[in-house]
Amino acid sequence: MTQHFDALEIRSADQRAADLAQALPAQIARAKQAPAYADALAEVDPQAITGPGALAALPVLRKTDLTRAQAERPPFGGYTVKPARHFAHVFQSPGPIYEPGGTDHDWWRMGRFLHAAGVGPGDIVQNCFGYHLTPAGMIFENGARAVGAAVLPAGTGQTELQVTAARDVGCTAYAGTPDYLKVILDKAEEMGVALGFTRAVVGGGALFPSLRQDYADRGIACLQCYATADLGNIAYESPAMEGLIVDEHVIVEIVTPGTGTPVAPGEVGEVVVTSLNPDYPLIRFATGDLSAVMPGTSPCGRTNMRIKGWMGRADQTTKIKGMFVRPEQVAQLVARHDEIVKARVIATRQGEMDAMTVRIEAAGGDDARFARSVAELLKLKGAVEVVAPGSLPRDGLVIEDQRSYD
């Protein structure tokens, strides 16, 4: 197997930027053909959007926006460039929210990840992602086909049958959630069955170091990816196992939760993705996940941006004194006052009552004006503490709940 999936993975930074300057305007122009984007991007000149810096001026699309749009324009909310009947698949994820799917070569861009994990011709992948309604099973099947591997479409559950099938078919690779492989392996040991897995490609949950080591001790190299039903593969591990390498057909931004404003390099923020998929051109789609950009490039030779992986949820909506406080409200507070650099809401308990403190990074300003804005925008009164710029942690949190629920 060749070291890299294609030449895109090893481009220089200058070449990648030059290619993006061609691909991104074309994708924005294509997106404007979709009914929803014809409205949202009506005033946008595609030729002006040539890189992430220009992209940051466009509105963020949140899943709540997509759900609302799908209710008005079923099934895809007007965000696809062709009708549902022209896609190979239509999926339904919890919400409900609907996603299109294709069977073209590597439509979901999962082949790049499987190739990095060493899966290819001669392998039989036991695909334990679900095939019913949701797209995960087809996402990984499409990736396996892209690298020339055969697939056992095992789905979820019926562990004894999974063990028997893996033995009889001669499966060499596992695809599924990180923890279900251990269930299969433990059941195989209980049944006295030897399995031939040597590689595992996982997603949809946390791959804890102890679990990865358990697989390594059994002779199975396990790598993980970061993918969503809407976007397909976003980033993936290589054997170097230093962060997740961003896929070549998406643009990833890390922004302050509740806003579309990029954070400083290395800071934790919400993952916002623009897809170059021509059929489903999601522009600045907010995943709701937190991560951060890693400096440098991977030792494996792949040169694209790396992110640290999943670091929590950006939707930090918290109920305080019976009222929901949302990251968007904190962003409005920062935007209202030029003096404010950053703000953080902290929920605590004082006796048997909720309490709210708002810490504000500001070089000067009127504390009383800040307090009035807090009450007006957050719909709650609380203590306001003004601290020097740089004092608040750069961990992606804008709402911190310190209350104990034990």
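Eight residues of domain 1 are in contact with seven residues of domain 2. The model behind these exercises is predicted.

**Exercise 1.** Describe how domain 1 and domain 2 meet, starting from their bounds.

*Solution.*
Step 1: Find the parts. Domain 1 covers 8-313, and domain 2 covers 318-401.
Step 2: Place them. Their centres, taken over C-alpha atoms, are 35 Å apart.
Step 3: Give the area. The two domains bury about 600 Å² between them. Carbon and sulfur atoms carry 64% of that area.
Step 4: Name the main contributors. On the domain 1 side, P257, E267 and V268 supply 57% of the area buried against domain 2, more than any other three residues.

**Exercise 2.** Identify the salt bridge between domain 1 and domain 2.

*Solution.*
Step 1: Count. There is one salt bridge between the domains.
Step 2: Name the partners. The side chains of E267 and R394 form a salt bridge, at 3.3 Å from N to O.
Step 3: Sort the surroundings. The side of domain 1 that touches domain 2 has three nonpolar, three polar and two charged residues.

**Exercise 3.** Decide whether Q70 is buried or exposed, then list its surroundings.

*Solution.*
Step 1: Locate the residue. Q70 sits in helix α4, residues 63-72.
Step 2: Apply the cut-off. Buried means under 20% relative accessible area. Q70 has 5%, so Q70 is buried.
Step 3: List contacts. Beyond its neighbours within four places in sequence, Q70 touches P75, F76, G77, I97 and Y98.
Step 4: Look at the side chain. The Q70 side chain reaches the backbone oxygen of P75 at 3.4 Å.

Conventions. Residues are numbered from 1 along each chain as its sequence is written. This is a predicted model: local features need pLDDT of at least 70, side-chain atom pairs count only at pLDDT 80 or more; totals for chains, interfaces and linings use all residues. Side-chain values use heavy atoms; hydrogens and water are left out. Helices (H or I, at least four residues) and strands (E, at least two) are DSSP runs, numbered from the N terminus. Buried means under 20% relative accessible area, exposed over 50%, partly exposed in between (1.4 Å probe, protein chains only). A polar contact is a pair of N or O atoms within 3.5 Å; within protein, one must be able to donate a hydrogen and the other to accept it, and residues adjacent in sequence count only if both atoms are side-chain atoms. Contact means heavy atoms within 4.5 Å. Domain bounds come from an automatic or database domain assignment. Buried area is the accessible area (1.4 Å probe) that two parts lose on being put together, summed over both. A salt bridge is a side-chain nitrogen of Lys or Arg within 4 Å of a carboxyl oxygen of Asp or Glu. Ala, Val, Leu, Ile, Met, Phe, Trp, Tyr, Cys and Pro count as nonpolar, Asp, Glu, Lys and Arg as charged, and the others, Gly among them, as polar.
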